[in-house]
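Colleague: I have the sequence and the picture open, and I would love a guided walk through them. Could you take my questions one by one?

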Amino acid sequence: MDLVLRPGRPEDAAESGRICFEAFSGIARQHGFPSDTPAADAAGGMMETLLNHPGFYSVVAEIDGRIVGSNFLDERSPVVGVGPVTVDPAAQNGGVGRRLMQDVMQRAAERRVPGIRLLQSGYHSRSFALYAGLGFEFRETVACLQGPPIGKTVPGYEVRPATDADVAACNQVCRKVHGADRGGELTDAIKMGTARVTEHGGRITGYATDLSFFAHAVGESTEDIRALIAAAPAFGGTGILVPASNSALLQWCLGNGLKVQQLMSVMTIGLYNEPAGAYLPSVLY
């Protein structure tokens with residue numbers, strides 16, 4: 001059987017979504033964890049969005065003309081994020097995942113991006129070994145938290161919807177904390193109406209593209225992130241991702257009713273600065 005890689009197409013969404021659902025659900029079930037993709041139609045909708053978005057590079061793997069996996073590279077911002085990478089359960093452990101990863105890494109190299117990042121489920125040792133073997137370095141453990149809205153405010157911190165006029169200030173905060181901005185993702189979130197900013201002392205000191213599994217947040221301090229979480233009407237998808245090293249934030253979340261769903265690993269190649277502030281990664285990085 002010959003493995004062929006080709007660019008993803010919109011018409012691949014349904015089959016890629018089925019594979020995504022079955023792959024993630026199967027691995028999660030083996031380890032006794034809830035799936036990141038609760039239904040095949042939801043996974044198909046996600047794949048349709050990614051395959052139609054000009055900011056995402058996509059690659060599909062085929063064997064004998066049949067789709068057996070896919071991978072994506074989020075190119076909306078200077079540092080790129082990998083995933084979701086999924087392989088049909090019937091074709092797993094045969095090198096398909098490695099080829100899909102090598103393809104997006106080659107794409108990143110051709111574009112000369114400063115860094116590549118991804119998140120990996122802590123219970124899936126095979127994927128950790130794959131990424132480490134390809135040169136990714138472990139950086140942080142994050143806890144995926146889900147629960148009811150907290151419905152509180154943090155004194156001195158005002159949370160409001162983000163607008164296009166806030167992008168420059170938000171990018172400045174992100175560069176201060178991470179060394180690079182994520183303006184492409186922020187602009188998309190503003191268009192979708194999910195982005196929020198927090199203001200302290202009369203200026204923007206943090207923002208969130210949403211409070212969900214696929215969204216990120218950045219703040220000059222833990223209080224900025226705490227204010228954004230406290231004001232969220234809900235936590236989308238599997239939940240928010242809180243760095244375990246930020247004990248104050250993690251303990252506050254747990255004390256306010258959120259529960260740990262799983263632990264994940266942040267892994268990187270290239271540019272990485274120890275965050276000079278507080279943050280929540282997305283499942284991409």
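**Loops, helices and a core**

Colleague: Where does aspartate 64 lie?

Modeller: Happy to start there, and please keep in mind that this is a predicted model. Following the chain, aspartate 64 sits in the loop between strand 2 and strand 3.

Colleague: Is aspartate 64 buried or exposed?

Modeller: The relative accessible area of aspartate 64 is 62%. A residue counts as exposed over 50%, so aspartate 64 is exposed.

Colleague: What is phi of aspartate 64 near?

Modeller: Most residues other than glycine have a negative phi. Aspartate 64 is not a glycine, yet its phi is positive. The value is near 55 degrees.

Colleague: Arginine 112 caught my eye too. Where is its place, and is arginine 112 buried or exposed?

Modeller: Arginine 112 is found in the loop between helix 3 and strand 6. Its phi is positive as well, near 55 degrees. With a relative accessibility of 75%, arginine 112 counts as exposed.

Colleague: Which peptide bond is cis, with omega near 0 degrees?

Modeller: Most peptide bonds are trans. For the cis one, look at the loop between strand 4 and strand 5 (86–87), where proline 84 lies. The bond with omega near 0 degrees is the one from glycine 83 to proline 84.

Colleague: Let's go inside. Which helix gives the most to the largest nonpolar core?

Modeller: The largest nonpolar core has 25 residues, and Met101, Tyr131 and Phe136 have the most contacts inside it. Several elements each supply at least two residues of this core, including strand 2 (56–63), strand 3 (66–74), strand 6 (115–121) and helix 4 (125–133). With six residues, the most comes from helix 3.

Colleague: Which residues does phenylalanine 136 touch?

Modeller: Leave out residues up to four places away in sequence. Among the contacts that remain are Met101 and Tyr131, which share with Phe136 the most contacts inside the core. The full set is Met101, Met105, Ile116, Leu118, Tyr131, Met267, Thr268 and Ile269.

Colleague: Now the helix pairs. How are helix 7 and helix 8 oriented to each other?

Modeller: The axes of helix 7 (residues 222–231) and helix 8 (residues 247–255) come within 10 Å and cross at roughly 20 degrees. The crossing is right-handed. Angles under 35 degrees count as roughly parallel, so helix 7 and helix 8 are roughly parallel.

Colleague: What kinds of residues make the contact of helix 7 with helix 8?

Modeller: From helix 7 come Thr222, Ile225, Arg226, Ile229 and Ala230, and they meet Ala248, Leu249, Trp252 and Cys253 in helix 8. Sorted by kind, the residues of the contact of helix 7 with helix 8 are seven nonpolar, one polar and one charged.

Colleague: And how does helix 5 lie relative to helix 6?

Modeller: Helix 5 (residues 167–178) and helix 6 (residues 183–192) have their axes 10 Å apart and pack at an angle of about 140 degrees. An angle must be over 145 degrees to count as roughly antiparallel. Helix 5 is therefore oblique to helix 6.

Colleague: How many of the residues in the contact of helix 5 with helix 6 are charged?

Modeller: Val167, Cys170 and Asn171 in helix 5 meet Gly183, Leu186, Thr187 and Ile190 in helix 6. Four of the residues in this contact are nonpolar and three are polar. That leaves the charged kind, and there are no charged residues.

Colleague: What covers the buried residues of helix 6?

Modeller: The buried residues of helix 6 are Gly183, Glu185, Leu186, Asp188, Ala189 and Ile190. Their cover includes strand 3, helix 5 and strand 10 (203–208).

Colleague: Which residues does histidine 178 touch?

Modeller: Histidine 178 is in helix 5 and, at 10% relative accessibility, counts as buried. Its C-alpha is 8.7 Å from that of valine 218, 40 residues apart in sequence. Not counting residues up to four places away in sequence, histidine 178 touches Arg117, Val218, Asn273, Pro275 and Tyr279.

Colleague: Last one: which residues does valine 154 touch?

Modeller: Valine 154 lies in the loop between strand 7 (137–146) and strand 8 (158–161), and at 8% relative accessibility it counts as buried. Setting aside residues up to four places away in sequence, valine 154 touches Glu223, Arg226 and Ala227.

How values were computed:
Residues numbered from 1 in each chain as written. Predicted model: local features only at pLDDT ≥ 70, side-chain atom pairs only at ≥ 80, totals over all residues. Heavy atoms only, no water. Core = buried A, V, L, I, M, F, W, Y, C linked by side-chain atoms within 4.5 Å. Buried < 20%, exposed > 50% of the residue type's maximum accessible area, 1.4 Å probe, protein only. Helix = DSSP H or I, 4+ residues; strand = E, 2+ residues; numbered from the N terminus. Contact = heavy atoms within 4.5 Å. Axes fitted to C-alpha atoms, helices over the stretch in contact; angles between N-to-C directions. Parallel < 35°, antiparallel > 145°, perpendicular 65-115°, else oblique. Left-handed = near helix turned anticlockwise from the far one by under 90°. Nonpolar A, V, L, I, M, F, W, Y, C, P; charged D, E, K, R; others polar.
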